[in-house]
Amino acid sequence: MRTSHAFKLAAIGLKANKSRTLLTILGIVIGIAAIILIMSLGQGAQNLILAQVQGLGSNTVAVIPGRQPSGPSDFAQIFSDSLKEKDFTALKDKSNVPTAATIMPVVFGSQGSSYGDETYRLTIFGVSDVFPKIFKIVPDKGAFFTQEDVQGLSESVIIGSKVKDELFGASDALGERIKINNRPFRVVGVLPKKGQVSFFNFDDMAIMPYTTAQKYILGIKYFHRFIIEADLQQNIERTAADVKLTLRESHNITDTAKDDFFVQTQADLASSLGLITSILTLFLVSVASISLLVGGVGIMNIMLVSVTERTREIGLRKAVGATEKNILTQFLLEAITLTSLGGVAGIFVGALLSFLISIVLSRAIGADWHFIFPWSAALVGLVVSGSVGLIFGIYPARQASRKDPIEALRYE
Amino acid sequence: MSLIEVKNLEKTYTEGESATAAVCGITFSIKKGEFVAIMGPSGSGKSTLLHILGFLDRPTSGEYRFDGKTISEFSDDEIAKVRNEEIGFVFQAFNLLARTSVLENVKLPLAYSGVKENLWNNLAEKAIASVGLTHRLRHEPSRLSGGEKQRAAIARALINNPKVIFADEPTGNLDSKSGETVISILQNLNEKEGRTVILITHEVDIAEHAERIIHIKDGKIESDLPVAKRRKASHI
């Protein structure tokens, strides 16, 4: 028997019971749709995270105070004030870290601000003049502060778009004075609306010289971060290693297990975040696969009903020359066609849902979320749905093929 | 030359401890081109015999030679091929596929044959014309009368140009007029085309359309005689 004819038979068999066919494949549709949705969103999330990480510049190395936590007890000693001015000086020394192109200390904190009657709680971000180079963001109004401003503890501030909207509304902010921690600061620049960049929301920030922030706002003498940019991409690892050596020497640490800081490259971050989203995606996909299993059992059930209902047809087909293999093929193909149809529908439903969610996400959280049609997942979905038909169709199809023609013809 | 030759044919159904013999040691032969009626009361074993002759069942013991070949040596797939190419079956209950047109029903055996698909329609239309159902080509069985259903079933039996047609009580579900039409078609196939026809019936009127009647009782041949005054079906 030819395959084309076998497919035609399968189509006729399925068309004979349209509503039953639709209900039966619903389980497969839902299962495949869930898998496509999860894989598509997982891919989207991963791309978003990678884009965020790369927003900081892929050559950057971050020094974070404290011990990288490896267990609950580690939180007792977090050494959050371990990065000091002398470390900054040591890192700036070209003989210690020759491959460092720029080094920026960072301090941050949350603080109330006001302009006239308007108040707003903003994030203080104390940085140096190299900030625009590292974060690739420049004020669209005014200009960034200079090295002299940093050295002179200038009370200048660059505000994010949200801060500007909250405090000034539509009126011009440039040159105005706002109060932060009851100290007047002059607005020298306004940042364009950026949304989230590399886990920082600049829209919500007041960016000022770190020296000013340390002394007048936060009252601290240490740093929250050092961000170091390597001169060349191939020097990132070397830079990270030199930074570690320099800081250990500066902190008199001989046992690396007692480091009171840790160094994170963007590549590390990207790969560990990528791993997390991959594992999460895989986990969710395996949960969604359970619905495919349930759908498969539904297929088997309905195929068994169909085989019983069509006992006389099977008997007749055998009487006019169908072999066991012909009957097996017919019912197996019917099951596979059924599940594959469900698979195709599921791919469309899943992709559509994922597309809608990507629109909602990019509107709602302002994230730069892109819809990704998961071609590999679609292929997997098609293969899996076909296989479900094969696996759960084989038992009913065998039952059909083994029917005795005489018994089958007598069946009422 | 004998088309069908059986020797000491036996069929025993075993259920648990007890064994029931449906056919016990039947020997006879049927020549090519013969029209034979097999008669007997229900439970006599005539249906079992027909099923064995029609390759739907295998004998427990004894020999069955069809067209010179010993059937007991055939594999299941070879048996399926014989069913498809060498014989045609007509059932009392018609056994047409529901919601499927006459044309598609008649084409059914071709799906399991080596005949090229582009020839199917032509062959099926010819077979349907030979039983006078051309006007019902696209109709589904539910819209046909009993007689028309059985004529469609005969067309299906003829589609692969079989050597022999087995008819299991073909008029059993029909009124006498439709029965007459069906039997006349079978008679025509036998006389004009020289096809071997083996018919099961319990009606003497129907059986007398054959050339020879074999009476079966309790799984054995009671009598095997030529029909003295053969009936001629009038209508086609």
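**Note on salt bridges, interface and open spaces in a predicted two-chain model**

1. Over all chains, the count of salt bridges comes to 25. The model under review is a predicted one, and every value below is computed from it. The following points take up some of these pairs, then the contact between the chains, and then the pocket and the cavity.

2. In chain A, a salt bridge joins A:Glu229 to A:Lys133, with 3.2 Å between the closest N and O atoms. The two partners belong to distant parts of the chain: A:Glu229 is in strand 11 (residues 225-230), A:Lys133 is in helix 4 (residues 131-135), and 96 residues separate them. Are these partners buried or exposed? A:Glu229 counts as buried because its relative accessibility is 10%, a value under the 20% limit. A:Lys133, in contrast, has a relative accessible area of 46% and is therefore partly exposed.

3. A salt bridge within one helix is found between A:Arg317 and A:Glu313, with an N to O distance of 2.9 Å. Why are these two residues separated by about one helical turn? Both lie in helix 10 (residues 311-319) of chain A, and they are 4 residues apart, so about one helical turn lies between them. Both A:Arg317 and A:Glu313 are buried.

4. In chain B, the side chains of B:Arg212 and B:Glu34 form a salt bridge at 3.1 Å, N to O. B:Arg212 is part of strand 9 (residues 212-217), while B:Glu34 sits in the loop between strand 2 (18-31) and strand 3 (35-39), so the pair ties together parts of chain B that are 178 residues apart in sequence. B:Arg212 and B:Glu34 are both buried.

5. Chain B also contains a network of salt bridges. Its members are B:Lys32, B:Asp67, B:Lys69, B:Glu86 and B:Lys163.

6. The contact between the two chains deserves its own point. In this interface, 25 residues of chain A are in contact with 24 residues of chain B. The size of an interface is often given as the accessible area lost when the parts come together. Chain A and chain B bury about 2,100 Å² between them, and 58% of this area is on carbon and sulfur atoms. How many salt bridges cross the interface of chain A and chain B? The rule finds 0 there.

7. The largest pocket has a volume of about 940 Å³. It is lined by 38 residues, of which A:Arg310, A:Glu313, B:Leu97, B:Ala98 and B:Thr100 are the closest to its centre. A:Glu313 is the residue already met in the salt bridge with A:Arg317.

8. Which elements supply at least two residues each to the lining of this largest pocket? From chain A they are helix 1 (3-15), helix 2 (18-55), helix 9 (266-309), helix 10 and helix 11 (324-364), and from chain B they are helix 3 (102-107) and helix 4 (120-130). Helix 1 of chain A gives the largest share, 7 residues. By class, the lining has 14 nonpolar, 11 polar and 13 charged residues.

9. The count of cavities of 30 Å³ or more comes to 1. The largest cavity has a volume of about 90 Å³. Residues of both chains line this cavity, among them A:Ala319, A:Val320, B:Arg83, B:Phe89 and B:Arg156. Helix 2 (76-85), strand 6 (87-90) and helix 5 (146-158) of chain B each supply at least two residues of the lining, and the largest share, 3 residues, comes from strand 6. The lining of the largest cavity has 7 nonpolar, 3 polar and 2 charged residues.

Methods. Residues are numbered from 1 along each chain as its sequence is written. Chains are lettered from A and ligands numbered from 1 in the order in which they are written. This is a predicted model: local features need pLDDT of at least 70, side-chain atom pairs count only at pLDDT 80 or more; totals for chains, interfaces and linings use all residues. Side-chain values use heavy atoms; hydrogens and water are left out. A salt bridge is a side-chain nitrogen of Lys or Arg within 4 Å of a carboxyl oxygen of Asp or Glu. Buried means under 20% relative accessible area, exposed over 50%, partly exposed in between (1.4 Å probe, protein chains only). On a 1 Å grid over the protein atoms alone, a cavity is a set of points where a 1.4 Å probe fits but cannot get out, and a pocket is an open set with protein on both sides within 12 Å along at least five of seven lines; lining residues have an atom within 4 Å of a point. Grid points are joined across faces, edges and corners, and a volume is the space filled by probe spheres set on the points. Ala, Val, Leu, Ile, Met, Phe, Trp, Tyr, Cys and Pro count as nonpolar, Asp, Glu, Lys and Arg as charged, and the others, Gly among them, as polar. Contact means heavy atoms within 4.5 Å. Buried area is the accessible area (1.4 Å probe) that two parts lose on being put together, summed over both.
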